[in-house]
Amino acid sequence: MSMDRRDFLKLAGASTLVGLGGLSVFDGFVKDGALASQAHTAPGASAGKRLAMVIDVSKFKSPDDYKRVSYACHSIHNVPSIDNLKHEIKWIWTDTYEHVFPGQADQYMAENIMRLPFPVLCNHCAKPPCVRVCPTKATFKRKSDGVVMMDYHRCIGCRFCMAACPFGARSFNWTDPRPYIRKLNTSFPTRTKGVVEKCNFCAERLSAGLQPACVEASNGALVFGDLHDPSSEVREILSSRYAIRRKPNLGTGPSIYYVIGGNEHA
Amino acid sequence: MSDGWKIIAGLIIVIGLVTFPFYANFGKTVELPSTLEADPGEMHLGDIPLVNMRSEHMQLLNRWREEVVREDERYIMFDGDEYEKSLQNGCLSCHEKEDFCTKCHTFVGVRPYCWDCHIGM
């Protein structure tokens, strides 16, 4: 078949038009699909829960109260007890006022508050910096209730999240944790060497309709509930008691509130 | 070509070494790890027919992982009962790890790292 230049150009032009038209149809499909999936998730996300915890420090009376709470967590989640502080793994632990609330300590503050150990754990932030920096999306924020979770399968151990977290809530497994687990809970996995781990707000218990283990073991010192529900117990406490959060100026929006109290007048 | 015999001897030795695995195992029968004793028939676990489970369980486990960790969908119906989508609380609540996992993995020479974290006992 022979073709002169004029026919060739006509044919080329026409096929380009057809090709572009095809592309736009294809784009239409993709956009529709994306919009449809967004529409599917968006209402759930806005109507979703925001789980939070209020810690009433005045209800911790003795060192045993703190121990019972962290033991409840660490024993069911197979958190190893490693004595070497550089390798230590912590999900819930205690620290002093000036470390927990830096910049808010005062020289003339009540002695008992300065010396009081404060239970600390992952804050399950509204805008978690650990989630932003995770290169593999191993750490993510659950849309349904705001729990910041980890998929240990995907964690590559880069520790960006540890650098990003302003609360030191994350621990890295420098060694195989198994030998350091005192009593293995066979219904929960352990972690492995080379992954980061942290508190999961007891996602596995929440899913079974239970409260987090620390809350259950705290005899009412820890209260757990939904911040988006005006009648929840956490909202009731927050509306009647003065509560503070850790480093609120950083804008991460922690979900853990501390009622300091100290005595009945507070 | 006065050194030709050296080359030929070298070639024979190399070929002998390379083919060693073949003639060392030639004619031996290898017992395949036993699979399901009962015929699974048309039964499915999720969307995978049980007969294909040997080749497709990895995809199933990956999907379970996403569903459990990210969607909080922790249970699956199988044969009229509800099971947890979990290696240690699901599969191994009935099956024996040695028989169900290890035997076949050893036979095909794969070393999945499930048990680095999941507890198989």
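# Report on a predicted two-chain model

Lys10(A) sits in helix α1 of chain A, which spans residues 5-47. The model described here is predicted. Lys10(A) counts as exposed because 11 other C-beta atoms lie within 10 Å, and the limit for an exposed residue is 12 or fewer. Between Lys10(A) and Phe188(A) there are 69 Å in space, C-alpha to C-alpha, and the two are 178 residues apart in sequence.

## Confidence

For the complex, the predictor gives an ipTM of 0.77 and a pTM of 0.77. The average pLDDT of chain B is 87, and 96% of the residues score at least 70.

## Chain A and its core

Chain A contains 9 helices and 10 strands. Of its 266 residues, 31% are buried. Contacts in chain A between residues at least 6 apart in sequence include 65% that join residues at least 24 apart.

The largest nonpolar core has 54 residues. Those touching the most other members are Met53(A), Ile55(A), Ile92(A), Leu121(A) and Leu222(A). Strand β1 of chain A, residues 51-56, supplies the largest share of this core, with 5 residues. In soluble globular proteins, nonpolar side chains tend to be buried together.

What is Met53(A) in contact with, leaving aside its neighbours within four places in sequence? The residues are Leu222(A), Val223(A), Phe224(A), Ser255(A) and Ile256(A).

Leu121(A), one of the core residues named above, belongs to strand β3 of chain A, residues 118-121. Leu121(A) and Pro119(A) point one way from β3(A), while Phe118(A) and Val120(A) point the other way. All four of these residues are buried. Strand β2 of chain A, residues 92-95, runs antiparallel to β3(A), and 4 bridges join the two. Opposite Pro119(A) in β3(A) stands Thr94(A).

## Two residues with positive phi

Each chain offers an example of a positive phi in a residue that is not a glycine. The table sets out the two cases.

| Residue | Phi | Loop | Other C-beta atoms within 10 Å | Class |
|---|---|---|---|---|
| Asn78(A) | near 55° | between α2 (63-76) and β2 of chain A | 24 | buried |
| Asp72(B) | about 60° | between α3 and β3 (75-78) of chain B | 16 | partly exposed |

Why is Asn78(A) buried? Asn78(A) is buried because 24 C-beta neighbours lie inside 10 Å, and the class begins at 20. Asp72(B) is partly exposed because its count is 16, which falls between the limits of 12 and 20.

## Helix α4 of chain B

Helix α4 of chain B covers residues 87-94, and its buried residues are Leu87(B), Gln88(B) and Cys91(B). They lie on the same side of α4(B), because they cover an arc of only 105° around the axis. An α-helix has 3.6 residues a turn, so residues three or four places apart point the same way. The buried residues of α4(B) pack against α5 (97-108) and α6 (114-117) of chain B. Ser93(B) and Cys94(B) are exposed, on the face of α4(B) turned away from its buried side.

## Where the chains meet

In the complex, 12 residues of chain B are in contact with 14 residues of chain A. On the side of chain B that touches chain A, α3 (53-71), α4 and α6 of chain B each supply at least two residues. α3(B) gives the most, with 3 residues. The residues of that side of chain B divide into 4 nonpolar, 3 polar and 5 charged.

Key:
Residues are numbered from 1 along each chain as its sequence is written. Chains are lettered from A and ligands numbered from 1 in the order in which they are written. This is a predicted model: local features need pLDDT of at least 70, side-chain atom pairs count only at pLDDT 80 or more; totals for chains, interfaces and linings use all residues. The arc is that of the directions from the helix axis to the C-beta atoms. Two residues are in contact if their C-beta atoms, placed from the backbone, lie within 7 Å. Ala, Val, Leu, Ile, Met, Phe, Trp, Tyr, Cys and Pro count as nonpolar, Asp, Glu, Lys and Arg as charged, and the others, Gly among them, as polar. Two strands pair if DSSP finds at least two bridges between them. A nonpolar core is a set of buried Ala, Val, Leu, Ile, Met, Phe, Trp, Tyr and Cys residues joined through C-beta atoms within 7 Å. pLDDT is the predictor's confidence in each residue, from 0 to 100.
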